[in-house]
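Me: I should like to go through the packing of helices and the pairing of strands in this predicted model. Please reason briefly before each reply.

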Amino acid sequence: MENTAPQKIAFIGLGSMGLPMARRLLDAGHPLTVWNRTPAKADPLVADGAVLATSPAEAVRDADVVVTMLADPAAALAVADLLIPALRPGTHWIDTSTVGPDTVTALAARLPDGVTLIDAPVMGSVDRAATGELLILAGGDTAPVAAVLDRLGATTPCGGPGTGAALKLVLINAAIGGVALVAEALTLAGALGLPRDLALRTLGAGPLAGAVGRATATGSYFPVALAAKDVALATALAKLPLLEAVHSALTEDPALLAEDLAAIAG
């Protein structure tokens, strides 16, 4: 008889995105073990039945599926040092972090036999993470973890390993660049004496509608610092002068780095 028991999941990284994603998996009935650099972040999950591990290795030791949501390539590689030695053959590792294809390749090269890595970065902020409406960009074979991904959002197969990470850079940089363009358009409107609401309304009626929506969003949280990281990942791979200018704009005011991306539009 086919085993239909929920897969045991280890979730690593309980930041603004990881916490609601882990919550959805716990609420779906998956046995959940979690680890976070700041253990107190796990308290709401532990109160509802999750197990708090003392290390990434302890978290993944008995897992069928490992999910990581980490801030950047350095964090992903550092956590990998701790968890890879404890992975069992047959484990599926879903990395939802935005780290770029080079880091995915480096992680995959270090895996023991019998362990698979699916790069599955997501589009969407904390509001969509909480409702399970993320867009998941998946590289690799998602069939063994389809039930897990379905709980988090809608999956777009991108191709082989690394392609999800690659497409995420394309999409997120288009989104960040769009918000930066809206910010400059509003600055120009102000210099010309035009009302901000008039500029936003008319910009939103054209091809920049999505960027205007993100620039004025109130239920999202994508720190400017992480946006700058994503732009830096892209500009390291290709000559992108417009995005290089965007990176400079994102990093020129240290006071904004912890704010949501919408803050650059004022």
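Me: Which residues of α11 do L169, I172, N173 and I176 in α8 meet?
Reply: Helix α8 covers residues 163–191 and helix α11 covers residues 224–235, and their axes come within 10 Å. From α8, the residues taking part are L169, I172, N173 and I176. Their counterparts in α11 are A227, D230, V231, L233 and A234.

Me: By class, how many nonpolar, polar and charged residues has the contact of α8 with α11?
Reply: The α8 side of this contact includes N173, and the α11 side includes D230. Under the classes used, Asp counts as charged, whereas Ala, Val, Leu and Ile count as nonpolar. The contact of α8 with α11 thus has one charged, one polar and seven nonpolar residues.

Me: How are α8 and α11 oriented to each other, and what is the hand of their crossing?
Reply: The two axes cross at roughly 125°. Angles of 65 to 115 degrees count as roughly perpendicular and those over 145 as roughly antiparallel, so α8 and α11 are oblique to each other. The crossing of α8 past α11 is left-handed.

Me: At what angle do α8 and α12 pack, and which residues of α12 does α8 meet there?
Reply: Helix α12 spans residues 241–251, and its axis lies 10 Å from that of α8, at an angle of about 65°. This crossing is left-handed. N173 and I176, which also take part in the contact with α11, are joined here by G177 and A180. The α12 residues that they meet are L243, V246 and L250.

Me: How many nonpolar, polar and charged residues has the contact of α8 with α12?
Reply: On the α8 side, N173 and G177 take part, and Gly is counted among the polar residues. By class, the contact has no charged, two polar and five nonpolar residues.

Me: Why is α4 roughly parallel to α5, and which residues make the contact?
Reply: The axes of α4 (residues 73–83) and α5 (residues 101–109) come within 10 Å and cross at roughly 5°. Because angles under 35 degrees count as roughly parallel, α4 is roughly parallel to α5. The contact is made by T103, A106 and L107 of α5 with P73, A76, L77 and A80 of α4.

Me: What is the hand of the crossover from β5 through α5 to β6?
Reply: Strands β5 (residues 92–95) and β6 (residues 116–119) run parallel and are joined by four bridges. Within this pair, I94 stands opposite I118 in β6. The chain passes from β5 through α5 to β6, and this β-α-β crossover is right-handed.

Me: Which residue in β2 is the bridge partner of F11, and which residue in β3 stands opposite it?
Reply: β1 (residues 9–12) and β2 (residues 32–35) run parallel, joined by four bridges. β2 also pairs with β3 (residues 51–52) in the parallel sense, over two bridges. The bridge partner of F11 in β2 is V34, and opposite V34 in β3 stands L52.

Key
Residues numbered from 1 in each chain as written. Predicted model: local features only at pLDDT ≥ 70, side-chain atom pairs only at ≥ 80, totals over all residues. Heavy atoms only, no water. Pairing = 2+ DSSP bridges. Axes fitted to C-alpha atoms, helices over the stretch in contact; angles between N-to-C directions. Left-handed = near helix turned anticlockwise from the far one by under 90°. Contact = heavy atoms within 4.5 Å. Right-handed = clockwise from strand over helix to strand, strands pointing away.
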